[in-house]
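Reader: Please take me slowly through one helix of this structure, and then work outwards from there to whatever else can be said with care. I would rather have a connected account than a list.

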Amino acid sequence: MKKPKNIYLTAGLVLTCLVLAVALVGIFWTPYAPTAMKFGRFQPPSFQHLFGTDNFGRDIFSRVLKGTGTTLGIAFSTVTLGALLGTVTGALTGYYGGWLDEALMRLNDALTAFPSFLLALLIVSLVGPGKKYSVVLALGLVFIPSFSRVMRTEFRALRGQNFVTGARLMGAGDARILAVHLLPNTLRTLLPAFTIGFNNAVLAEASLSFLGIGVTPPDASLGYMLAEAQGMLAAGPWYALFTGLTIVLLVFGIGLLGEGLQNHAGDT
Amino acid sequence: MRKRVLAVTLILVLALGLLSGCGKKTTTVPTRNTTNEAAIGIAQDFDSLDPDYMTAAGTKEVLFNVFEGLVKPNAAGEIVPAVAADVIRSEDGLTYTFPLREGVKFHNGSPVTPEDVVYSIERRWKDTDPSAQLAALSVISSVAAEDGKIVITLSEPSNEFLAAVMNAYILPAGYTQQETAPVGTGPYRFVSREVQHSLVLERFPEYWGTPGKLDKVTFRILENAEGLVLGLQSGALDLVAHLSSDQTAQLSKEDFTIAEGSMNLVQALYLNNAEAPFDDVRVRQALCYAIDKQAVIDLAFNGYGIPLGTSMFPSFSKYYDDSLTGYYTQDLDKARELLTEAGYPNGFEMTITVPSNYTPHVNTAQVLAELLREINVQVTVQPVDWSTWLDEVYNQRKFQSTVTGLTSDNMTARKLLERFGSDVGNNFTNYSNAEYDEVLEKALRATDDAEQIALYRELERNLTENAANVYLQDMADLVAVRSGLSGLTFYPLYVLDISTLEWK
């Protein structure tokens with residue numbers, strides 16, 4: 001029987017690769033210097049300036065190229081940090097249970113009870129604004145609870161399975177069981193969680209930049225650019241349009257990828 | 001899961017639809033009021049209706065129409081008699097006599113008596129809690145009413161005294177309802193207020209001077225900047241001040257005229273003169289040579305703004321020395337040369353700390369960063385929230401450089417220059433120059449106006465020659481006025497005079 005094609009996975013991969021390519025190009029080459037202000041304010045899109053120019057006369061295409069990289073970098077490191085710490089706490093609490101479970105999960109609840117945004121703001125102001133890692137740290141910590149909750153459920157469900165008992169009878173220690181026997185079985189959940197988290201991170205970076213806390217000007221990030229563009233919808237609608245579209249493509253692609261991965265894992 | 005993807009797709013389509021709507025403009029031409037009224041949009045609520053307790057500039061701006069002192073400012077920047085008919089200053093500058101104007105009435109109908117005036121002055125001088133007292137009135141030694149005249153004696157001569165009298169608003173003696181139902185002597189009187197929504201004023205028919213022309217003026221509070229523009233477009237508002245050039249660009253040219261005044265502030269790249277590398281005058285001068293003021297105005301302000309060369313703005317015409325504006329014209333070679341001499345042949349790195357809630361300053365900093373790149377100075381723009389800025393930059397002076405605007409909230413130029421004296425408490429730039437201190441002391445002690453002007457100008461020149469800061473511009477104040485509404489007058493103060501407005 002022929003396997004049905006996984007359209008989500010294919011579409012997701014294509015879109016994500018496209019955005020990744022944009023980001024990669026942005027690292028090495030932009031048509032103009034992304035901070036140069038000499039092209040005239042609010043020039044509409046043309047062959048010289050594919051996406052037009054902004055309120056300072058900067059080339060928006062160059063800034064999108066550069067900004068995509070920044071946004072991707074921040075989102076990726078954020079969600080990795082969150083997933084890493086979340087998986088560790090989730091695995092420990094789910095596998096061992098007991099008072100550790102109680103203590104960590106209540107702390108988790110407390111973190112969830114805070115509006116995540118406020119928490120990020122708090123952390124950024126503690127670490128000090130203007131450093132890229134402060135945004136990563138803040139958002140990364142904010143993402144821990146969701147990961148640890150999901151992973152705890154997984155580990156909890158798996159720990160009583162026969163293959164775990166089998167492994168233990170073979171003399172495997174806790175560390176080995178956790179890392180070798182259980183972790184791979186949670187990938188089915190972890191991967192989609194990772195992609196959803198990734199999208200949340202892109203949007204969260206956008207809103208933090210929006211508040212002037214994330215990336216500092218004149219550095220470009222998609223979030224910061226969209227924030228700037230908001231006040232210029234009438235003067236230069238292309239500014240919001242193209243930055244917004246890039247974010248949409250990015251989030252949509254990763255979303256599809258997550259969906260596809262989940263289906264893929266379900267098939268096998 | 002499938003449903004979610006569908007939902008996301010739908011949202012996308014919707015969002016694109018919204019954006020596509022942005023290109024076209026569908027405006028219905030609003031017709032103007034047939035009644036003799038006007039609605040003015042303001043961006044913030046009032047902090048207090050009691051004039052002695054108002055501190056927000058936005059409140060003073062509006063209540064300027066309701067309250068008056070013995071003297072008041074006029075559009076030319078002079079202090080003219082108001083509730084007083086005249087000002088007589090004794091030869092030694094220690095006694096001021098104010099004969100009261102005949103027939104001045106409060107908004108509640110009762111005439112202004114000498115007792116009211118003494119009460120009002122004393123209230124601002126010593127009788128209220130310290131937050132409402134005016135520091136410049138502390139030189140008073142006595143206030144007395146003598147047959148229709150108010151005589152104020154001072155313990156020492158003061159150039160600031162008359163400007164302070166301007167802010168000692170004349171109120172009915174013993175009246176305690178100022179906070180809820182303010183009563184003054186101005187051309188407009190209070191009708192009603194809805195907190196966070198509006199304030200309504202009506203013409204005071206028994207005003208002593210030229211009466212207002214509009215019957216009723218409503219100030220609508222719209223804290224969202226977009227709301228102000230939408231209000232104008234929809235016809236709900238007739239006049240909004242302090243707009244950005246990007247906002248005024250959204251208004252149709254047939255329906256609105258855009259009046260350009262100035263904010264009366266000195267916007268500059270303020271440098272911490274005590275911290276390297278800005279403790280070296282050559283580095284500061286290099287920055288001045290590297291920055292084209294007009295480029296900043298063009299890029300960040302769409303060309304609106306008046307370039308400045310020193311800590312004074314043109315509205316203070318008698319003090320303002322225009323020749324200093326062109327003292328440094330952009331000369332990159334000269335700038336590089338100065339940097340090399342100062343020991344920075346390869347440039348240096350610097351941080352501009354800006355208050356993030358003031359978009360104009362953040363934008364200016366971005367343009368400066370780009371301009372300074374030309375002489376190899378790498379700039380990091382650091383936005384911080386307003387309270388952090390006040391605390392760390394302004395009070396603790398822990399900064400390298402910042403972009404902000406300094407103003408003078410009364411009619412004297414003193415505030416703009418005094419703050420650069422070495423030991424002055426609010427000298428946040430740490431400017432220290434022995435010659436400056438000497439001239440400043442002379443200027444503050446001068447009682448002769450012409451002498452003081454000459455000394456003030458000397459101070460301005462000192463700031464420019466030593467490149468104390470990179471002075472940029474007096475920012476433009478753009479006011480959108482509905483066609484047909486005329487008579488808008490700009491003051492060298494942050495006030496909006498509604499008494500001259502009329503429909504034509």
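Author: Helix α3 of chain B, residues 114-127, has 14 residues, but its end C-alpha atoms are only 17 Å apart, whereas a straight helix at 1.5 Å a residue would reach 20 Å. The model is a predicted one, and that should be kept in mind for this shortfall and for everything that follows. Within α3(B), the buried residues are B:D116, B:V117, B:S120, B:I121 and B:R124. An α-helix has 3.6 residues a turn, so residues three or four places apart point the same way. The buried residues of α3(B) pack against two strands of chain B, namely β6 (140-146) and β7 (149-154).

A second helix of chain B offers a useful contrast in span. Helix α14, residues 449-465, has 17 residues and reaches 24 Å from its first C-alpha to its last, which is close to the 24 Å expected at 1.5 Å a residue. Its buried residues are B:Q452, B:L455, B:Y456, B:R457, B:L459, B:E460, B:L463 and B:T464. Whereas the buried side of α3(B) packs against strands β6 and β7, the buried residues of α14(B) pack against helices, α12 (414-418) and α13 (434-445) of chain B. Just after α14(B) comes B:A467, with a positive phi of about 45°.

The strands of chain B can be followed through their pairings, beginning with a hairpin. Strand β8 (residues 188-194) of chain B pairs with β9(B) in the antiparallel sense over 6 bridges, and B:Y188 stands opposite B:R203 in β9(B). The two strands form a hairpin with 3 residues between them, and B:Q196 in that turn has a positive phi of about 60°. Strand β9 of chain B, which covers residues 198-203, also runs antiparallel to β10(B), to which it is joined by 5 bridges; across this pairing B:E202 stands opposite B:K216, and B:L201 stands opposite B:V217. A further partner of β10(B) is strand β1 (residues 37-42) of chain B, but here the pairing is parallel and runs over 6 bridges, with B:T218 as the bridge partner of B:A39.

Strand β10 itself, residues 216-221 of chain B, has side chains that alternate along its length: B:V217, B:F219 and B:I221 point to one face and are buried, while B:K216, B:T218 and B:R220 point to the other and are not. Seen in this light, B:L201 faces across to a residue of β10(B), B:V217, that belongs to the buried face, while B:E202 is opposite B:K216, a residue of the other face.

On a coarser scale, the domain assignment of chain B gives domain 1 (37-46 + 186-262 + 477-503), domain 2 (67-165) and domain 3 (264-474). The centres of domain 1 and domain 3 of chain B, taken over C-alpha atoms, are separated by 32 Å. Their contact takes 7 residues from domain 1 and 10 residues from domain 3 of chain B, and the domain 1 side of chain B consists of 4 nonpolar, 2 polar and 1 charged residues.

The nonpolar interior can be described in terms of cores. The largest nonpolar core has 131 residues, and B:L70 and B:L368 are those with the most contacts inside it; strand β18 (residues 470-482) of chain B gives the most to this core, with 9 residues. Leaving aside neighbours within four places in sequence, B:L368 is in contact with B:L269, B:I291, B:V296, B:I352 and B:V379. Apart from this core lies another, of 60 residues, and A:V64, A:L178, A:A193 and A:L222 are among them.

Chain A, from which those residues come, has 9 helices and 0 strands. Of its 268 residues, 47% count as buried, and its C-alpha atoms fill a box of roughly 75 × 55 × 30 Å along the principal axes. Among contacts in chain A between residues at least 6 apart in sequence, 69% join residues at least 24 apart. A single position, A:G160, may serve to close the account: it is found in the loop between α5 (132-159) and α6 (162-169) of chain A, and it counts as exposed because it has 8 C-beta neighbours inside 10 Å. Although A:G160 and A:Y95 are 65 residues apart along the chain, their C-alpha atoms are separated by 9.3 Å.

Methods:
Residues are numbered from 1 along each chain as its sequence is written. Chains are lettered from A and ligands numbered from 1 in the order in which they are written. This is a predicted model: local features need pLDDT of at least 70, side-chain atom pairs count only at pLDDT 80 or more; totals for chains, interfaces and linings use all residues. Helices (H or I, at least four residues) and strands (E, at least two) are DSSP runs, numbered from the N terminus. A residue is buried if 20 or more other C-beta atoms lie within 10 Å of its own, exposed if 12 or fewer, and partly exposed in between; C-beta atoms are placed from the backbone. Two strands pair if DSSP finds at least two bridges between them. Domain bounds come from an automatic or database domain assignment. Ala, Val, Leu, Ile, Met, Phe, Trp, Tyr, Cys and Pro count as nonpolar, Asp, Glu, Lys and Arg as charged, and the others, Gly among them, as polar. A nonpolar core is a set of buried Ala, Val, Leu, Ile, Met, Phe, Trp, Tyr and Cys residues joined through C-beta atoms within 7 Å. The expected span of a helix is 1.5 Å times one less than its number of residues.
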